[in-house]
Amino acid sequence: MPSFDIVSEVNQVEVRNAVDQANKEVSTRYDFKGSDARIEVTEKTLTLFADAEFQLDQVKEILLGKLSKRGVDIRCLEYGKLEKVSGNKVKQAITVRVGIETEMAKRLVKLIKDSKLKVQASIQGDAVRVSGAKRDVLQDCIALMRKEVTDFPLQYNNFRD
């Protein structure tokens, strides 16, 4: 039975490279001379530091530019709230969302069922598996997903006949 998986993945190597490039640009830019502006990376979190809110916005813009140039979909970023650190320094945490959360997976399954396509969708961990009798119906399902889901980056892999 033909099937495919709907997943949401981010290339962590490209994220790390983009952060390194952004840090290098921030350290060499004239308007950041003498400031403590930087980006730190942990497993799935990017933390932006700056001396003022305006500088934080500039660092964020540099980072988004570098991520998009490296092919990382910026819709996978979830912004935390702005926090004040000692003095007038600020920081902001940005979470890189990987995998499809349960709530989003349920929304995708409901969307597939409401479309009246002859396919079955099931949630499997952080992916959604879609199977059907014919390839053409699965391709129609992929087209539907691309058209309907615009707020979250989705990839379609494991297409099997």
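Student: Leaving aside neighbours within four places in sequence, which residues is R97 in contact with?
Tutor: This is a predicted model, and in it R97 is in contact with S8, V10, R75, C76, L77, E78, D151 and F152.

Student: Where does R97 sit, in a helix, a strand or a loop?
Tutor: R97 lies in the loop between β5 and α3, the helix that covers residues 102-114.

Student: Is R97 buried or exposed, then?
Tutor: Buried: the relative accessible area of R97 is 17%, and the cut-off for buried is under 20%.

Student: What does the side chain of R97 have for polar company?
Tutor: A polar atom of the R97 side chain lies 2.8 Å from the backbone oxygen of R75. E78 also appears on the contact list of R97. The C-alpha atoms of R97 and E78 are 6.9 Å apart, with their positions 19 residues apart in sequence.

Student: Let's zoom out. How many helices and strands are there in the protein chain?
Tutor: Four helices and eight strands. Reading from the N terminus, the order is β-α-β-β-α-β-β-α-β-β-α-β.

Student: And what does the radius of gyration say about how spread out the chain is?
Tutor: The radius of gyration is 20 Å, while the globule rule gives 15 Å for 161 residues, so the chain is more spread out than a compact globule. Along the principal axes, the C-alpha atoms fill a box of roughly 65 × 25 × 25 Å.

Student: What share of the residues is buried?
Tutor: Buried residues are 39% of the 161 in the chain. As for contacts, take those between residues at least 6 apart in sequence: 61% of them join residues at least 24 apart.

Student: New topic: helix α2. Why does its length make sense for a helix?
Tutor: Helix α2 has 17 residues, 53-69, and at 1.5 Å a residue these should span 24 Å; the end C-alpha atoms are 25 Å apart, which agrees.

Student: Which residues of α2 are buried?
Tutor: Q55, L56, V59, K60, I62, L63, L64, K66 and L67. Here is a helpful bit of background: with 3.6 residues a turn, residues three or four places apart in an α-helix point the same way.

Student: What covers those buried residues of α2?
Tutor: The cover includes helix α1 (12-28) and the strands β2 (38-41), β3 (45-50), β4 (77-84) and β5 (90-96).

Student: Tell me about Q55. What does it touch?
Tutor: Not counting residues up to four places away in sequence, Q55 touches D31, F32, S35 and A50. Q55 is buried at 15% relative accessible area. A polar atom of the Q55 side chain also lies 3.2 Å from the backbone nitrogen of D51.

Student: K60 is on your buried list too. Which ring does K60 lie over?
Tutor: K60 lies over the face of Y79, at 5.1 Å from the ring centre. There is also R38, with its charged end over the ring of F49, 4.1 Å from the centre.

Student: What happens to the backbone just after α2?
Tutor: G71 takes a positive phi there, of about 85°.

Student: Since we're on rings, how many aromatic pairs does the structure hold?
Tutor: Two. One is F4 with Y156, which is edge-to-face, with 6.2 Å from centre to centre and 65° between the planes. That pair links strand β1 (residues 3-7), home of F4, to strand β8 (residues 155-160), home of Y156, and the two residues are 152 apart.

Student: Are F4 and Y156 buried or exposed?
Tutor: F4 is buried at 0% relative accessibility, and Y156 is buried with a relative accessible area of 18%.

Student: And what about F4 and F159, how do their rings lie?
Tutor: Their centres are 6.1 Å apart and their planes are at 15°, so the pair is stacked. F4 lies in β1 and F159 in β8, so this pair ties together parts that are 155 residues apart in sequence. F159 is partly exposed, at 33% relative accessibility. Through these ring pairs, F4, Y156 and F159 are linked into a cluster.

Student: Last one: where is A127, and what is it in contact with?
Tutor: A127 is in strand β7, residues 127-132. Setting aside neighbours within four places in sequence, A127 is in contact with I6, V7 and S122. A127 is buried, with a relative accessible area of 11%. The C-alpha atoms of A127 and A105 are separated by 7.4 Å, and the two residues are 22 apart along the chain.

How values were computed. Residues are numbered from 1 along each chain as its sequence is written. This is a predicted model: local features need pLDDT of at least 70, side-chain atom pairs count only at pLDDT 80 or more; totals for chains, interfaces and linings use all residues. Side-chain values use heavy atoms; hydrogens and water are left out. The expected span of a helix is 1.5 Å times one less than its number of residues. Buried means under 20% relative accessible area, exposed over 50%, partly exposed in between (1.4 Å probe, protein chains only). Contact means heavy atoms within 4.5 Å. A polar contact is a pair of N or O atoms within 3.5 Å; within protein, one must be able to donate a hydrogen and the other to accept it, and residues adjacent in sequence count only if both atoms are side-chain atoms. Rings of Phe, Tyr and Trp (its six-membered ring) pair if their centres lie within 6.5 Å; planes under 30 degrees apart count as stacked, over 60 as edge-to-face and the rest as tilted. A charge sits over a ring if NZ of Lys or CZ of Arg is within 6 Å of the ring centre and within 35 degrees of the ring normal. The radius of gyration is taken over C-alpha atoms; the globule rule is 2.2 Å times the number of residues to the power 0.38.
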